[in-house]
Amino acid sequence: MRTMAKAPVLTPRADDFPRWYQDLIAKAELADNGPVRGTMVIRPYGYGLWERMQRDMDARIKETGAQNAYFPLLIPQSYLTREAEHVEGFAPELAVVTHGGGKELEEPVVVRPTSETIVNEYFSKWVQSYRDLPLLINQWANVVRWELRPRLFLRTSEFLWQEGHTAHATYEEARDFAARIHRHVYGDFMRDFLAMDFVLGRKTASERFAGAVNTLTLEGMMGDGKALQLGTSHELGQNFARAFHTRYLSKDGTQELVWQTSWGSTTRMIGALVMMHGDDDGMRVPPRLAPVQAVVLAVKDDGAVLAEVREVGERLTAAGVRVQVDDRTETPFGRRAVDWELKGVPVRVEIGPRDLENGTAMLVRRIAGGKQPVALDALPALLPAILEEDQELLLTQARDRRESRTSDVTSADEAVEAAVAGGWARLPWAALGPAGEARLAEHGVTVRCLVAEDGAVPDADEAPGNVAVVARSY
């Protein structure tokens, strides 16, 4: 008698990548759709990932000298109109409150889409002299941008983020600070903590932040070959300072406008984590990020097994591993194993009566794959090394995918062909230019960023030798 093939837990990525993504977000218990279209409820496992991201990045931000503050969620609409390019860029996404307390408001207020305007209202009060500079502020907050095509974590009408805002005495100081955030806060965090591969680059004029003079970006390739913007750092020049009269008295006794930056990263990183590292069996969470690095599972409801499972958990914890003991033997073992696999916990340590007899546990590696029996006594020394190996493996796999799926081309048509086929293209910016960029857009393809010939971040949009990195994107 033939048995029917067991249906996969997730839609295979090769069959329908967007459906796989939605399946995984739900079944790994990361988030649910909220009651208002475009909003989301972040579930405890998803929020645990965000908390660890937040903690690590917050420490890196503070190392730059920035301090955390908080600004109001509601911003007078008139603030946004002071910087024309800024309001024009955000107008389609604004949520506007016109009534409060049962009455029509004298002036409508905007639900925070970003905080450049309200920050500058207060910077203009706080900055009086060169002695007040640099002023380095960060906030962890939520923002609202009315999203017409929502997708959990990637594009939602409300999302969580950090946004930094700084004021400096000179252009050079502001430029260098924006670059420091770009490379040494975001870049180091994403590479070293999230095991994410990316390209550091400069946005073209048509893609830069509304009101900025330069936008620096980190672009990552997802499992389907599309690009995702992972974070941005903006040089604002003096545009907002001029609009809000943010000035300081220089050492020479003259009134000068400050030079500014702003920079942000969001809960979109959780979506990037899923799409860059996930496979057909679920998530694969980088060990340095993972709230649970190893789960110790009892295979059966057996007193000796349960006692050993708990003891192993304590010994691994003492060895510096973040451990969860799964002794829920009322739930079938197979179901529990699949759930932990979906959640991407890096290591499973499975212990049953037979393992106990042999003095071993079955070690299952989620990232490298495979399973093998390991002596119980060897686990505390073995696991920290395995976790570091797997952290490096994720980064290597992501980098190899990007490099193998990036083509060097010479024309816009070839770039479109490469992007439609599920990859990235590189071509000289001089051969593309704004006109070629517009042709790409007709096919749903964009210039993700400009890089120098040697892979560095260019100093100018039109620097000789600039290369355009081209892809379809989320």
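**A walk from alanine 195 outward**

Let's start at alanine 195, which is buried, with a relative accessible area of 0%; buried here means under 20% relative accessible area, exposed means over 50%, and partly exposed lies in between, using a 1.4 Å probe and protein chains only. Before going further, please note that this is a predicted model, in which local features need pLDDT of at least 70 and side-chain atom pairs count only at pLDDT 80 or more, while totals for chains, interfaces and linings use all residues. Residues are numbered from 1 along each chain as its sequence is written, and side-chain values use heavy atoms, with hydrogens and water left out.

Alanine 195 sits in the loop between α6 (171–192) and β9 (199–202). Helices (H or I, at least four residues) and strands (E, at least two) are DSSP runs, numbered from the N terminus. Although alanine 195 is not a glycine, its phi is positive, about 55°. Phenylalanine 153 also has a positive phi without being a glycine, in this case about 70°. You will find phenylalanine 153 in the loop between β7 and β8 (158–168), where its relative accessibility of 2% makes it count as buried.

Now move to the loop between α5 (116–126) and β7 (135–144), where serine 129 is found. Serine 129 is buried, at a relative accessible area of 13%. Which residues does serine 129 touch, leaving aside its neighbours within four places in sequence? They are Tyr248 and Leu249, where contact means heavy atoms within 4.5 Å. The loop between α5 and β7 also holds proline 134, and the peptide bond leading to proline 134 from leucine 133 is cis, with omega near -5°.

Further along the chain comes helix α10 (residues 333–343), in which Arg336, Ala337, Trp340, Leu342 and Lys343 are buried. An α-helix has 3.6 residues a turn, so residues three or four places apart point the same way. The cover over the buried residues of α10 includes the helices α1 (17–27) and α2 (44–63), together with the strands β15 (294–298), β16 (323–326) and β17 (347–351). After α10 comes glycine 344, whose phi is positive, near 75°.

For a contrast, look at aspartate 454, in the loop between β22 (446–451) and β23 (467–471). Aspartate 454 is exposed, with a relative accessible area of 66%. Its C-alpha lies 9.2 Å from that of glycine 465, and the two residues are 11 apart in sequence.

Stepping back, the protein chain has 14 helices and 23 strands. UniProt, in an unreviewed entry, lists residues 37–286 as "domain: Aminoacyl-transfer RNA synthetases class-II family profile"; UniProt positions are in the numbering used here, feature names are shortened, and annotations may be inferred rather than shown by experiment. Over residues 37–286 the chain is 32% helix and 32% strand, and the end C-alpha atoms are 31 Å apart.

Finally, the overall form. The C-alpha trace spans about 80 × 50 × 50 Å along its principal axes. A compact globule of 474 residues would have a radius of gyration near 23 Å, and the protein chain, at 25 Å, agrees; this radius is taken over C-alpha atoms, and the globule rule is 2.2 Å times the number of residues to the power 0.38. Buried residues make up 53% of the 474 residues. Of the contacts between residues at least 6 apart in sequence, 68% join residues at least 24 apart.
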